[in-house]
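Me: I would like to learn how to read empty space, strand pairing and helix contacts in a model. Please take me through them one at a time.

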Amino acid sequence: MLSLKDRLTEILINNKLITATQLEQALKVQTTKGGKLSDIIVELKFVKESELITILSEGLGLPLIDLKRFKIDLEIVKIISVDIARHYQIIPISKMGDTITLAMADPLNIFAIDHVRSLTGFKINPIISPVQDINQAIEASYPDTSKGIIDDLVKEMTVSSIELVKEEKEVSLSDQELSRISREAPVIKVVNMILEESIKKKASDILIEPFDKKLRIRFRIDGILQEQKTPPKTMHASIVSRVKVMSELDIAEHRVPQDGRFKIKILNRQIDFRVSILPSTYGEKVALRILDKSQANLDMKKLGFSDYALEVLRKMSLLPHGMILVCGPTGSGKTTTLYAILKSVDSPDKNIVTVEDPVEFQLEGINQVTARPEIGLSFAAALRSILRQDPNIIMIGEIRDYETVDIAIKSALTGHLVLSTLHTTTAAGAVVRLVNMGVEPYLINSSLVCVMAQRLVRKVCSHCKEMYVLKNEIAASLKLDPAKIGKLQFYKGRGCEHCFNTGYSGRTVIAEVLQLSPKIRELILSGSQEQFVKQQARLEGMKTLREDGIAAALKGQTTIEEVLRVTAPDE
C-alpha cells in the first residue's frame, strides 16, 4: 500500500492542482521543518484545504464526511481513548457489527488502523475528514481531562492535609499548617497547572474566587472572562497560601488586601505575575495580572492603528514640547500605546523618564519610577523630582487629580513632551474633563496638542475566517452607504481549535484621534460642549471610534459584533 505522501503526490500532479516545482518546494520544507506534506501544501497556499480533502476523497475512493453536521454518539467515542484519538487525529463515529467507522485525517496511516484494530478487536472502515474538524470533534466529544488531573493531584495529598483543608469552614488553619500545605507537591502542581494553562490560552488575567460551596477560576482571554475547570473548594486556602509564598507576601495576614508580584519560567519564557489579594465574604480572592514580555507588541506599526492615526501620532510625538493624552476605559491598551510611542522616539540624545503605578514592563534605556502614595511618592511628588532630572520626555501613568494635571501642563509649557492617560470615553470628552478638573481653557490650548481615544477589539481567527454579507437592516442602522448595502463583505470566525472555538484570536486597536486645530482651540476657549468639539473634529477629518471600527471590520480584521460591543453610536 502506498503511503499518503506517495498517493497525495500522485493525485495532486495528475489533477494538475500543483506543479512539479511547487511539489519540490513543499518537499524541501518538509525535509527542513518536518510535518505532513498535506499540511505544508496548504500552509504554502498551493491548494486550499477544502479542495485538497475533496480531491483526496475522490482519488482514494474514500467517503468524505462533514463532522460539523454529524452528531457523534458519545458511547461510540469511548471505544478508543482520547490520547489515541489525539495522537492519530482520528475519531470513531459509528459501529455496525464487528466494524467501526473511523474518521481520519490520514486514512492511509496503516499504523493507526492496525493499532486501533489490535486495541479494540474491531475491523476498521476508514473515511476522510479535515484535521481541524476531527480535532474539534475530539474536544467536543471527550470529557475535559483537566478536571481529572486536578482530582488526581488532590488524591496525592496526604490524608492529614485534606482533613485540615476540609475544616476551613469551621476552624481556620494555623499559619504553620498553611505554610506547610502550600509547599507540598500537589498544591504546587495545581497552581503551576493553572498558571501554565493561562499562558497557553494567552490570558491577561487570572481570577481565583471563593464562594459558599465552590471555588471559581476564570481567565480573561482577549478581554473576555472565561470560566475554567476548577479544583474543589477545599483547596482554596492552600492555593492562596501558595500564591502568597511565591509573591513573598504575609501568609498570616487574612484581613487586609495585599499586593505583590513574582516571576517564573513557563514554556521556556520568563513571565511576570502581578498579584492582588482581597479579603471577601467567603475567603481571600486572588487576581493575577500576567505580564508576558514575549507577547508585548511595542511596534507602533503592528498595533493595528489606521494609517491616519499612525501619521498623526508620529507627527505629534516628534514635537519638542506639548501634551499627548490617550483615553479609554481600563484594559483598552492605553499604557501599551504610550510604551510604543516612547520606543518609537527613544534615542541616545533624549532623556526619557516615566512615573507609573505600577511599572508594567521594564523598557531598556528608559528611566521608570513606580509611584508609592503610601510613603508620599504620589504622581505629583514624583513629577516634581523628575523635572529636576532634566528630562526631554515625561510619561505619567495616569492623570487622576488636579495637582497631577497642573504639574503635567506646566511641564508641557516649559519645553517638555508629556504623555499621559485619562479615563474618558471619547477624545473630545477629554477636553471637557480637563476643564472640569479645574484647568483653565487657555492653558489647555497652550499645552495640549493631541488626544486619542482607543478601544481593543478581538480579531477574527485567521484559521476559520468566513465571509458573509451583512443584513440590510443592520447595515442601514449603521448608516452605511445605501448604494453599497447588500454588497459589503464582512467576516467572522467559524470556531476552531486555534481559537478555542470562539472565532476570535488576539486583539487589535481602533481609535479616534483629535488634533487641536485653530478652530477647535476657539471652541475650547469659548467653553463649547463636547458634541460641538467632536462635530468640528469630524469636519476636519477625524474618524470616530465607531467609524474606525467599521473600517476595521470591512478589512476583515474584526467583526461588526465586536465593534458594536465596545463603541457607542455617533450622534
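Me: How do the residues of the lining of the largest cavity divide into nonpolar, polar and charged?

Reply: This is a predicted model, in which local features need pLDDT of at least 70 and side-chain atom pairs count only at pLDDT 80 or more, while totals for chains, interfaces and linings use all residues. Residues are numbered from 1 along each chain as its sequence is written, and side-chain values use heavy atoms, with hydrogens and water left out. Rolling a probe the size of a water molecule over the atoms shows where empty space is left. A cavity is a set of points, on a 1 Å grid over the protein atoms alone, where a 1.4 Å probe fits but cannot get out, and lining residues have an atom within 4 Å of a point. Here the lining of the largest cavity divides into seven nonpolar residues, no polar and no charged (Ala, Val, Leu, Ile, Met, Phe, Trp, Tyr, Cys and Pro count as nonpolar, Asp, Glu, Lys and Arg as charged, the others, Gly among them, as polar). Those residues are Val191, Ile194, Leu195, Ile208, Ile239, Val243 and Leu288.

Me: How many cavities of 30 Å³ or more are there, and which helix gives the most to the lining of the largest?

Reply: The count comes to one cavity of 30 Å³ or more, and about 40 Å³ of space lies in the largest cavity, where a volume is the space filled by probe spheres set on the points, joined across faces, edges and corners. Helix α12 gives the most to that lining, with three residues, and both α12 (185-200) and α13 (236-247) supply at least two; helices (H or I, at least four residues) and strands (E, at least two) are DSSP runs, numbered from the N terminus.

Me: In what order do the strands of the six-stranded sheet lie?

Reply: Strands of a sheet pair through backbone hydrogen bonds, either parallel or antiparallel. In this model the open sheet of six strands has the order β6-β5-β4-β9-β8-β7, with antiparallel pairing (two strands pair if DSSP finds at least two bridges between them). Because β6 (224-227) and β7 (258-266) each have a single partner strand, they stand at the edges, and one side of each is left without a neighbour in the sheet. Strands β4 (residues 203-210) and β5 (residues 215-221) run antiparallel and are joined by seven bridges, with Ile208 opposite Ile217 in β5.

Me: What is the order of the three-stranded sheet?

Reply: That open sheet runs β1-β2-β3, and the pairing is mixed. Its edge strands, β1 (90-96) and β3 (123-128), each pair on one side only. Six bridges join β2 (residues 99-104) to β3, the two running parallel, and Leu102 stands opposite Pro126 in β3.

Me: At what angle do helices α21 and α22 cross?

Reply: The axes of α21 (residues 518-525) and α22 (residues 530-539) come within 10 Å and cross at roughly 175°; axes are lines fitted to C-alpha atoms, for helices over the stretch in contact, and angles run from 0 to 180 degrees between N-to-C directions. That makes α21 roughly antiparallel to α22, a label for angles over 145 degrees. Lys519, Ile520 and Leu523 of α21 make the contact with Phe532, Val533, Gln536 and Ala537 of α22, contact meaning heavy atoms within 4.5 Å. These residues divide into five nonpolar, one polar and one charged.

Note on methods: Parallel < 35°, antiparallel > 145°, perpendicular 65-115°, else oblique. 1 Å grid on protein atoms, 1.4 Å probe; cavity = no way out; pocket = protein on both sides within 12 Å on 5 of 7 lines; lining within 4 Å.
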